[in-house]
2 protein chains.
Amino acid sequence: MGKVRGELRSHCPINFGIEIFGDRWTLLVLRDLLLQGKRRFGDFQASEEGISSNILAERLDRLTHYGLVTAERVAGDRRQIRYEPTEAGRALLPVLVEMAYWGARHDPRTAAPKSFALAYEADRAGLLRSVEAGTNPSEG
Amino acid sequence: MGKVRGELRSHCPINFGIEIFGDRWTLLVLRDLLLQGKRRFGDFQASEEGISSNILAERLDRLTHYGLVTAERVAGDRRQIRYEPTEAGRALLPVLVEMAYWGARHDPRTAAPKSFALAYEADRAGLLRSVEAGTNPSEG
DNA sequence: CTCTTAACTTGCATTTTGCAAGTGAATATC
DNA sequence: GATATTCACTTGCAAAATGCAAGTTAAGAG
């Protein structure tokens, strides 16, 4: 059961996001969901950062609770649950892309290929569209 | 003393940002710094979310450690310390703007004026420039 | 001097995180 | 159809982070 969180500290539009995904794991789940096409519990667990199962379960609950994600059992294999981003979840893609660009430019050891930052700089809107369509060539 | 953090979980460009500002307070400090023009310890403390002084001190330390912020004593009043964003810190502005837009569009009780989301939709690049210049009319 | 201001520190209770192991239901295998 | 395996969690508990209140130190004001 997703624990219902109390009052927000403020309704500053930046704070709103922080209250939902301002922690060390939630944005990684959203990254996997929106950029890597992952849809299942085990997929998220398999990411290199190594989220543990109790944390992952709580975050998926919270994302569902806040309407960024939906969860449903898979017909054909009722053990599985498929997580899908909602419109509100997909609307976070530009946030992720800006963070990725910042990381690509400021982490001296970044794993992002140069082509990503270059593509961003050449045509941000185009990059966003291709990432949205899942046809972006400059990601792992 | 800023505690030096250990190894990063990964060099995914999104994770890099999370490791630095993925918590409930750091982005609020950056918001105050980049969007509200706040420069002093007491200014940050005065924000409506109510950060406590030990947390604030630790976050400022960390931001300084990671090179997003500089700290220096004010000549003329050596009690004061002035915090300034670096280039890397200012480069987070687009991330904050995307988060603000998302919050403005998805928090039903958002404090953001409609003009902000409308200005974003009409001319994102122009909004970014005006926010960068501190001449943005659609913020509190 | 004494008082006040500014920027922290410290102590401690509460909450969150993280690891390892365990559970229960559904499906695959023998 | 009994057994093993997969999947998505739960549970227990130690460790770390957070949050509140009060205290400290250095500098400037009166």
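A residue counts as buried when its relative accessible area is under 20%. This model is predicted, and that cut-off runs through much of what follows.

**Helix H8 of chain A**

Helix H8 of chain A spans residues 124-132. Its buried residues are Arg124(A), Gly126(A), Leu127(A), Leu128(A), Ser130(A) and Val131(A). What do they pack against? Within chain A, the partners are helix H6 (93-106) and helix H7 (114-122). Chain B adds helix H6 (93-106), helix H7 (114-122) and helix H8 (124-132). Just after H8(A) comes Gly134(A), with a positive phi of about 75°.

**The nonpolar core**

In soluble globular proteins, nonpolar side chains tend to be buried together. Here the largest nonpolar core has 78 residues. Leu30(A) and Leu30(B) have the most contacts inside it. Take Leu30(B). Beyond its neighbours within four places in sequence, Leu30(B) contacts Phe21(B), Leu35(B), Leu63(B), Leu68(B), Leu92(B) and Leu96(B).

**A buried loop residue**

Ala112(A) sits in the loop between H6 and H7 of chain A. Is Ala112(A) buried or exposed? Its relative accessibility is 15%, so Ala112(A) counts as buried. Leaving out residues up to four places away in sequence, Ala112(A) touches Ala104(A), His11(B) and Pro13(B). Tyr101(A) is 11 residues from Ala112(A) along the chain, and their C-alpha atoms are 8.9 Å apart.

**Cysteines**

How many disulfides does a search of the whole structure find? The count is 0 over all chains. Cys12(A) is buried because its relative accessibility, 12%, falls under the 20% cut-off. Cys12(B) is buried too, with a relative accessible area of 11%.

**DNA strand D**

Around DNA strand D there are 19 residues. Those that come nearest are Ser53(A), Arg79(A), Tyr83(A), Trp25(B) and Asn54(B). The 19 divide into 6 nonpolar, 7 polar and 6 charged. On the DNA side, 66% of the strand D atoms within 4 Å of the protein belong to sugar or phosphate. The rest belong to bases. Three side chains have polar atoms placed by base atoms of strand D, as tabled here.

| Residue | Base atom of DNA strand D | Distance |
|---|---|---|
| Ser53(A) | oxygen | 2.6 Å |
| Arg79(A) | oxygen | 2.8 Å |
| Asn54(B) | nitrogen | 2.6 Å |

Which elements give two or more residues to the surface near DNA strand D? In chain A they are helix H3 (41-45), helix H4 (53-65) and strand E2 (77-85). In chain B they are helix H4 (53-65) and strand E2 (77-85).

How values were computed. Residues numbered from 1 in each chain as written. Chains lettered and ligands numbered in written order. Predicted model: local features only at pLDDT ≥ 70, side-chain atom pairs only at ≥ 80, totals over all residues. Heavy atoms only, no water. Near = heavy atom within 4 Å. Polar contact = N/O pair within 3.5 Å; in protein donor to acceptor, adjacent residues only side chain to side chain. Helix = DSSP H or I, 4+ residues; strand = E, 2+ residues; numbered from the N terminus. Nonpolar A, V, L, I, M, F, W, Y, C, P; charged D, E, K, R; others polar. Core = buried A, V, L, I, M, F, W, Y, C linked by side-chain atoms within 4.5 Å. Buried < 20%, exposed > 50% of the residue type's maximum accessible area, 1.4 Å probe, protein only. Contact = heavy atoms within 4.5 Å. Disulfide = S-S within 2.5 Å.
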